[in-house]
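Trainee: Could you take me through one part of this model slowly, and show me how it sits among its surroundings?

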Amino acid sequence: MTASIRARGAGVRFVFDRQRRPVTPAMGRLRRHCETNWGLRGVDVEVGPGESVALLGGNGAGKTTLLKVMAGVYTLDEGAVAVEGRVGSLLSINGGLMPELTGRENAVLLGVLAGLSRPQAFASLESVLQSSRLGNAFERPVSSYSQGMRARLGFATILESRPQVLLLDEVHEALDDDFRVDFERISEEIRSAGGIVVVAGHDHQLLSRMTSRALHLKDASLIDDGPFDTVLGGYLARDRGEAASR
Amino acid sequence: MVSLSQSDLRARYGRGPWQLVKWLLDPFALVGVYLILVTAVLERPGEAPGLALTCAVVPFQILTLTTTSSMTAVTLRRGIIANMSFPRAFLPLGTTMTETLAFAASFLLVVMMMAIYSVAPTTALLALPLILFVNLVLAVSFAYAATLFGVWLPDLRPFALSFVRALFFLAPGLIALDQIEGAANTWVRVNPFSGLFEGYRAIFLRGEVPDLWMILIPLGWACLIMAVFLPIYLREQGHFAKVAE
């Protein structure tokens with residue numbers, strides 16, 4: 001299967017009740033006083049096989065929402081999205097990890113949720129242990145892990161499902177230098193095998209090494225799409241311009 | 001589903017030899033003291049009152065624990081719901097499995113009560129899988145409804161739990177059906193819990209195969225609840241990640 005991502009007019013709406021708590025759209029329709037806020041609106045984007053794309057933008061711009069749409073975590077409220085290929089996503093450092101469980105137990109749970117069968121998840125444990133480099137900590141509860149160790153466990157686990165579409169949200173920024181080298185190598189392997197890597201983050205140096213294209217999101221909309229350096233230049237200029245005008 | 005339940009149970013009971021001890025003692029801690037009080041201290045009328053009560057409390061606990069856990073299922077699992085794409089339709093099934101496995105040890109209470117009252121097991125035990133099946137199907141239907149309720153109206157969770165408890169008191173839970181007289185004896189059977197409680201009593205207390213109504217009425221309720229809530233659940237599950245964060 002060839003990996004691809006196609007979004008047309010993609011929109012995700014968040015509905016909040018009177019106490020500013022998020023509610024489902026159905027509940028929002030039943031309640032009289034609700035506020036809506038678009039996390040993403042009118043986004044058209046197409047990513048083909050072998051591409052690696054960076055998502056740029058300030059906090060609340062819509063990067064995470066777009067990644068969650070691609071990962072199938074969010075259902076669209078308008079528009080359409082089609083993702084071809086096995087998806088592996090790491091959208092937060094603690095994403096899916098249960099703190100009371102050990103690294104080994106979490107690896108089984110996350111492996112199954114990422115699409116492995118239970119025997120496959122158990123068979124992958126040695127490999128997860130090796131690639132996460134957690135050593136004895138693998139048998140300890142995740143609550144005792146540092147942010148970096150959690151990121152390594154999550155990353156090593158999702159790689160076992162052999163993703164063709166890899167989606168990462170700032171998680172790589174918690175990794176140490178050694179592991180970042182591995183991370184860049186693996187991302188490159190996925191890309192050169194015809195897969196797709198989409199990464200959101202603020203470490204522009206790392207993103208420039210890993211990606212050739214960037215999408216600039218602002219206020220839930222896609223405002224620029226093109227070569228990484230060009231889009232980054234526009235993003236920084238706009239950012240600085242806004243900071244100066246403030 | 002199995003992995004979710006296994007993770008829940010491990011998080012709840014820990015690891016090693018104490019895991020089994022905790023699992024065995026949990027139901028005793030939850031309802032055992034109450035049952036011993038009723039059996040040994042309070043004078044209650046009827047045949048083997050402690051066993052009759054256990055036959056109501058055990059299936060009720062599975063239902064009430066499933067309801068309680070389901071109402072917080074999305075909040076408790078927000079880590080995976082907000083970060084991973086997986087079939088969320090399994091959540092209520094996983095919760096039911098967890099609570100059923102967690103409370104499975106409570107059947108030791110039934111055995112204990114049978115021993116205390118010298119009630120011998122009969123071939124009616126062969127009907128146990130059937131009544132267990134009905135119990136689980138009803139628990140699953142409660143789980144779907146409760147998960148949605150917990151997402152929609154989190155502030156009203158205690159009221160939903162009170163409603164389930166009220167159903168217990170409106171069913172022949174504390175008093176067996178044969179001690180209820182008049183029209184109430186007929187009407188109380190409409191309660192989804194009545195058939196279950198009496199089904200367990202038929203098997204363990206009287207050594208009889210449960211009557212048809214004891215199977216059909218709870219099953220009918222389960223089908224009705226599923227028919228109403230499952231389609232809504234399937235439509236709403238795509239938005240759980242927005243609410244979970």
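Mentor: Happy to! Since this is a predicted model, let's begin with confidence. Among the elements of chain A, strand S5 (residues 78-84) has the highest mean pLDDT, 95, while helix H9 (residues 228-245) of chain A has the lowest, 81. Chain A averages a pLDDT of 88, and 97% of its residues score at least 70.

Now for our close look: helix H12 of chain B, which covers residues 212-236. H12(B) has 25 residues and reaches 35 Å from its first C-alpha to its last, close to the 36 Å expected at 1.5 Å a residue. Follow H12(B) along to B:Phe229 and you will find a kink of about 35°; the proline B:Pro231 comes shortly after that kink.

B:Phe229 is also one of the buried residues of H12(B). The others are B:Met214, B:Ile217, B:Pro218, B:Trp221, B:Ala222, B:Tyr233 and B:Glu236. When you look at their numbering, remember that an α-helix has 3.6 residues a turn, so residues three or four places apart point the same way.

What do the buried residues of H12(B) pack against? Within chain B, they pack against H8 and helix H11 (192-206), and from chain A they meet helix H1 (25-30).

That brings us to where the chains touch. Here 21 residues of chain B are in contact with 31 residues of chain A. On the chain B side, the elements giving two or more residues are helices H1 (2-13), H5 (78-81), H8 (128-152) and H13 (240-244) of chain B. H1(B) provides the largest share, 5 residues. By class, this side of chain B has 10 nonpolar, 7 polar and 4 charged residues.

Conventions. Residues numbered from 1 in each chain as written. Chains lettered and ligands numbered in written order. Predicted model: local features only at pLDDT ≥ 70, side-chain atom pairs only at ≥ 80, totals over all residues. Contact = placed C-beta atoms within 7 Å. Helix = DSSP H or I, 4+ residues; strand = E, 2+ residues; numbered from the N terminus. Nonpolar A, V, L, I, M, F, W, Y, C, P; charged D, E, K, R; others polar. pLDDT = per-residue confidence, 0-100. Expected span 1.5 Å × (residues − 1). Bend = angle between axes of the 7 residues up to and from the residue. Buried ≥ 20, exposed ≤ 12 C-beta atoms within 10 Å, placed from the backbone.
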